[in-house]
Amino acid sequence: MGKGKLFLVSTPIGNLEDITFRALKTLQEVSLIAAEDTRRVRKILNRYDISNRITSYHQHNELPKGKKILTELMQGADVALVSDAGTPGISDPGYRLVKSALEEDVEVVPIPGPNAAIAALSISGLPTDSFFYGGFLPPKKGERRRKLQLYQEITATLIFHESPHRLISTLEDLHQVLGDRRMAIARELTKIHEQVWRGRLKDLMDNIDKLTLRGELTLVIEGRAKRPQVAPLEAATIKDDYQRLREESGLSQKEAMKQIAKERGISKSEVYKAIVKG
Ligand code: SAM
């Protein structure tokens, strides 16, 4: 008999309807569901009329339980790994099991779905083309500031999880270390009390009494401003180009200036000034 497969099944981060057909099918068909919180997965199974074998797999039993799960996989059983919420392995247990499964040549299959960081980023209004996911920041102030200092040069949008009782202190550190950047605080996404606050750090701090300091929070902060590139605009080079175009291509003064402006993405008057200056 061949080995089983390990399915990483993403589950809702709030709204129980945020689960894919494939996730439900997998939860029904596997031989065993390894769940960070067995009560939560039972809630999902009940809601969708699924019954299956569940075992607990969390940070306190990761090693011994991981071995047992691996044995089942090696014996041919398919296993679904489910975390407390969202995508297993992302700031949740799962990585070790994935690693040991791969070491034993067990196939690991993603069943993609909700993820708090991506959900928060997508509605933040901050650039999404590149982002840095920092998970949870250290709970202690000193360590948190040191960590943020390491991140201050990153130009990608930054994403962190934070607990509500540390929010004020973390906002202070973000402001102190990163400056008055734009940010979004996403609270209780997909749940009844979903709220998103967007603004500059200073503004959010000044209006902290308007924020509800309860529930689950994800912070999205703008990356460091990109320093302007030093444009190759030296007058001499522009003048060289101009002379070459005039002599070699036989373009008129006007045509040559127009072409340089187009090639360099600058205005014709800038080209003119550079030629006169050069
Ligand atoms: N694996 C999860 C995922 O894929 O989203 C992340 C797990 S991490 C341990 C849990 C943290 O995600 C919470 O402490 C909170 O910061 C954030 N989070 C979870 N659900 C959220 C929600 N509905 N809205 C905003 N943030 C949420």
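Here is a walk through this predicted model, from its domains to the ligand and the residues around it.

Let's start with the overall layout. The protein chain splits into three pieces: domain 1 covers 5–113, domain 2 covers 117–221, and domain 3 covers 235–277. If you jump from the C-alpha centre of domain 2 to that of domain 3, you travel 48 Å.

Now for the ligand. The space it takes up is the largest pocket. Around the ligand you'll find a shell of 19 residues, with Thr87, Ile90, Asn115, Ala116 and Leu217 the closest. Where do these neighbours come from? Domain 1 (5–113) and domain 2 (117–221) each put at least three residues into the shell. Among the strands, β7 (157–162) and β10 (217–221) each chip in at least two. As for the chemistry of the shell, the split is 8 nonpolar, 6 polar and 5 charged residues.

Zoom in on the polar contacts next. Leu217, already met as one of the closest residues, has a polar backbone atom 2.5 Å from an oxygen atom of the ligand. Thr218 uses its side chain instead: an N or O atom there is 2.9 Å from a nitrogen atom of the ligand. Asp92 also reaches in, with a polar side-chain atom 2.8 Å from a nitrogen atom of the ligand. How much of the ligand does the protein bury? On its own the ligand would expose 580 Å², and the protein buries 91% of that.

How values were computed
Residues are numbered from 1 along each chain as its sequence is written. This is a predicted model: local features need pLDDT of at least 70, side-chain atom pairs count only at pLDDT 80 or more; totals for chains, interfaces and linings use all residues. Side-chain values use heavy atoms; hydrogens and water are left out. A residue is near a molecule or strand if one of its heavy atoms lies within 4 Å of it. A polar contact is a pair of N or O atoms within 3.5 Å; within protein, one must be able to donate a hydrogen and the other to accept it, and residues adjacent in sequence count only if both atoms are side-chain atoms. Accessible areas come from the Shrake-Rupley method with a 1.4 Å probe; for residues, only the protein chains shown count as cover. On a 1 Å grid over the protein atoms alone, a cavity is a set of points where a 1.4 Å probe fits but cannot get out, and a pocket is an open set with protein on both sides within 12 Å along at least five of seven lines; lining residues have an atom within 4 Å of a point. A molecule sits in a cavity or pocket if more than half of its atoms lie within 2 Å of its grid points. Helices (H or I, at least four residues) and strands (E, at least two) are DSSP runs, numbered from the N terminus. Ala, Val, Leu, Ile, Met, Phe, Trp, Tyr, Cys and Pro count as nonpolar, Asp, Glu, Lys and Arg as charged, and the others, Gly among them, as polar. Domain bounds come from an automatic or database domain assignment.
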